[in-house]
Amino acid sequence: MTNAVQLPYYGPMKTFTNKQLKDVRVLVDFVRVYCHARHNRSLRTLLDLPPELRHRYSRGVELCPDCAGLLAHGIQKRRTCPLDPKPSCKHCRVHCYSKEYRAKIREVMGFSGRRMIMRGRFDYLWHFFS
Ligand code: SF4
Ligand SMILES: [Zn+2]
């Protein structure tokens, strides 16, 4: 990938657990739907995804800088979540991230969740309501 943006969360020796990977895929999908619907295409740059995600997103993922930052932050929080089993972040008592981030991710999840359901992606219903 040329001109790809390296997500700052990624370290070569770290790998995702299967549960983390599942959540991260949902996060990527939701942030991408939001960015592509709401932000100017000309701002988007190709992300350099970690190897675990490249197979699923073989054509790459393009996001604007704000959404790339939001995604990187969300992935980092998911990777370092101290709780196991992890509750949904909405119902967590720790709330490891800032109010600003929470408000933004809530907006993204709400917007993209509705879009996914309108597209018949009922497999995302659980994430929308949890
Ligand atoms: S808000 Fe809670 S559940 Fe979500 S990542 Fe942070 S500690 Fe984990
Ligand atoms: Zn965006």
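## Helices, core and zinc site

Helix 4 is followed by G120, whose phi is positive, near 85 degrees. The model described here is predicted.

Helix 4 covers residues 99-118. Its buried residues are Y101, I105, V108, G110, F111, S112, G113 and M116. Residues three or four places apart point the same way because an α-helix has 3.6 residues a turn. Helix 3 covers residues 65-80, and its buried residues are C67, A68, L70, L71, A72, G74, I75, R78 and R79. The cover over these buried residues of helix 3 includes helix 1, strand 2 (45-48), strand 3 (62-63) and helix 4.

The table sets the expected span of two helices, at 1.5 Å a residue, beside the distance between their end C-alpha atoms.

| Helix | Number of residues | Expected span | Distance between end C-alpha atoms |
|---|---|---|---|
| Helix 3 | 16 residues | 22 Å | 22 Å |
| Helix 4 | 20 residues | 28 Å | 29 Å |

For helix 3 the two values agree, and for helix 4 they agree as well.

Which residues touch the most other members of the largest nonpolar core? They are L63 and L71, in a core of 29 residues. Helix 1 (18-38), helix 3 and helix 4 are the elements that give two or more residues to this core. Helix 1 provides the largest share, 10 residues. L71, one of the buried residues of helix 3, is in contact with L27, V28, V31, L47 and L63, leaving aside neighbours within four places in sequence.

R78 also lies in helix 3. Is R78 buried or exposed? Its relative accessible area is 12%, which is under the 20% limit, so R78 counts as buried. Not counting residues up to four places away in sequence, R78 touches K19, Q20, D23, V24 and K86.

The zinc ion (ligand 2) is coordinated by C35 (SG), H39 (ND1), C64 (SG) and C67 (SG), at 2.1 to 2.3 Å. Along the chain, these donors follow the spacing C-x3-H-x24-C-x2-C. The angles among the 4 donor atoms run from 98 to 126 degrees, and the site is tetrahedral. This follows because four donors count as tetrahedral if all angles lie between 85 and 135 degrees. Among the donor residues, C35 is buried, at 0% relative accessibility. H39 has a relative accessible area of 24% and is therefore partly exposed. C67 is listed among the buried residues of helix 3.

Methods:
Residues numbered from 1 in each chain as written. Chains lettered and ligands numbered in written order. Predicted model: local features only at pLDDT ≥ 70, side-chain atom pairs only at ≥ 80, totals over all residues. Heavy atoms only, no water. Donors = N, O, S within 2.8 Å, 3.2 Å for Na, K, Ca; no water. Tetrahedral: all angles 85-135°; square planar, octahedral: opposite > 155°, others 65-115°. Buried < 20%, exposed > 50% of the residue type's maximum accessible area, 1.4 Å probe, protein only. Helix = DSSP H or I, 4+ residues; strand = E, 2+ residues; numbered from the N terminus. Expected span 1.5 Å × (residues − 1). Contact = heavy atoms within 4.5 Å. Core = buried A, V, L, I, M, F, W, Y, C linked by side-chain atoms within 4.5 Å.
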